[in-house]
Amino acid sequence: MADTMKAVVYKGHGEVALEDRPMPVIKDERDAIVRVTLSSICSSDLHIKHGTVPRAKEDTILGHEFVREVVEVGSAVKKFKKGDRVSVSVETFCGTCFFCRNGFVNNCVEGGWELGCRIDGCQAEYVRVPIADMGMTLIPDYVKDEDAVFNGDILATGYWAASIGELKPADTVVVIGLCPLMRVKLYSPSKVILIDVNDYRLNLAKENGLADIIINSSKEDPLEAIMKETNGRGADRVFEVAGLKSTFQLAWQAARPNAIVVVVALYAEPQEIPLQLMYGKNLPFKTGGVDGNSNYAEEIMKLIQTKQIDTSCLITHKAPLNDVMRGYEVFENKIDNCVKWVITPYER
Ligand SMILES: [Zn+2]
Ligand SMILES: [Zn+2]
């Protein structure tokens with residue numbers, strides 16, 4: 001194997017670059033080295049690029065959503081061997097600390113969101129996965145890379161968000177910002193109302209059964225439209241994933257009294273909770289980062305395997321690592337209706 005590989009590095013000050021970096025090596029007996037065959041650019045990468053993720057470290061290889069081939073395992077790795085096909089969780093977690101034992105792996109004392117943030121991530125040819133037995137999930141033979149690539153991050157986030165939203169059958173659900181909240185549908189809501197600013201994304205969601213009602217908030221007043229759809233009452237559950245000042249305000253305004261508001265967005269600045277206007281709405285807010293624990297990852301893989309979750313519609317762009325800088329530009333500016341840019345291996 002060569003000594004160096006190509007990788008996307010966060011340089012600080014709004015800059016990322018495709019560079020030559022040393023090949024990763026096993027540093028701890030619980031590590032695995034994985035050859036990346038498919039990875040993605042995530043909006044969190046853009047947040048790091050623009051300096052709005054305080055925990056991110058400069059000079060780190062970006063990327064935290066990927067699959068696939070184990071090429072080496074440390075001596076303490078029990079569940080995986082060379083040649084296994086795996087998806088990898090965005091989070092690094094030990095499985096034994098207080099938080100892990102309670103399922104809150106995002107706050108693991110040994111990790112949390114590490115890959116592509118504080119330690120080298122997957123927008124590269126190879127990646128070192130710490131505590132591999134916890135963070136990796138086997139991909140069944142007949143599940144394609146394209147179907148498994150989002151397991152560890154956006155699907156885990158959607159799955160987790162839906163679970164903390166305590167959805168009940170026949171709920172009316174508002175989702176602000178397109179995201180793979182596919183699990184929402186598994187709770188049999190009466191309707192899912194999706195708010196976004198882009199007709200292409202809205203139609204994509206509707207055509208693929210992710211939303212029943214679509215509202216373009218750049219063309220009509222979303223709050224008025226939501227109230228019309230909910231007999232003036234507001235939604236039973238609201239999921240805010242867009243991460244803007246306006247969408248945060250819309251989230252609590254769109255909720256009916258005693259609804260649940262789930263906020264899974266990353267914001268660039270503090271948000272205001274106007275309690276004087278919210279008096280009487282009795283709203284619990286649930287916020288935070290995904291607890292993408294091993295059980296979730298395995299459940300999601302089963303749902304993918306049985307076609308109850310299908311994310312293939314989100315892959316609008318696919319190109320080798322050679323073109324990744326163009327990928328950042330296209331994804332960030334949503335050029336050519338880009339929803340997800342996925343990265344195939346570097347071509348020499
Ligand atoms: Zn992400
Ligand atoms: Zn832990």
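Two residues are in contact if their C-beta atoms, placed from the backbone, lie within 7 Å. Leaving aside neighbours within four places in sequence, valine 34 is in contact with Arg68, Glu69, Val70, Val71, Val86, Val88, Tyr126, Val127 and Val129. This is a predicted model.

**Overall form.** The protein chain holds 12 helices and 18 strands. Its C-alpha trace spans about 65 × 40 × 40 Å along the principal axes. The radius of gyration is 20 Å, which agrees with the value near 20 Å for a compact globule of 348 residues. Of those 348 residues, 48% count as buried. Contacts often reach far along the chain: among those between residues at least 6 apart in sequence, 64% join residues at least 24 apart.

**The core.** The largest nonpolar core has 101 residues. Val34 is one of the members that touch the most others; Val174, Ile193, Leu194 and Ala251 are also in that group. Helix H5, residues 151–164, gives the most to this core, with 7 residues. In soluble globular proteins, nonpolar side chains tend to be buried together.

**Two loop residues.** Aspartate 59 has a positive phi although it is not a glycine. Lysine 307 also has a positive phi and is not a glycine. The table places each one.

| Residue | Phi | Loop between | C-beta neighbours inside 10 Å |
|---|---|---|---|
| Aspartate 59 | about 70° | helix H1 (43–49) and strand S4 (60–61) | 11 |
| Lysine 307 | about 60° | helix H11 (294–305) and strand S17 (315–320) | 9 |

Aspartate 59 counts as exposed because it has 11 such neighbours. Lysine 307, with 9, counts as exposed too.

Technical notes. Residues are numbered from 1 along each chain as its sequence is written. Chains are lettered from A and ligands numbered from 1 in the order in which they are written. This is a predicted model: local features need pLDDT of at least 70, side-chain atom pairs count only at pLDDT 80 or more; totals for chains, interfaces and linings use all residues. A nonpolar core is a set of buried Ala, Val, Leu, Ile, Met, Phe, Trp, Tyr and Cys residues joined through C-beta atoms within 7 Å. A residue is buried if 20 or more other C-beta atoms lie within 10 Å of its own, exposed if 12 or fewer, and partly exposed in between; C-beta atoms are placed from the backbone. Helices (H or I, at least four residues) and strands (E, at least two) are DSSP runs, numbered from the N terminus. The radius of gyration is taken over C-alpha atoms; the globule rule is 2.2 Å times the number of residues to the power 0.38.
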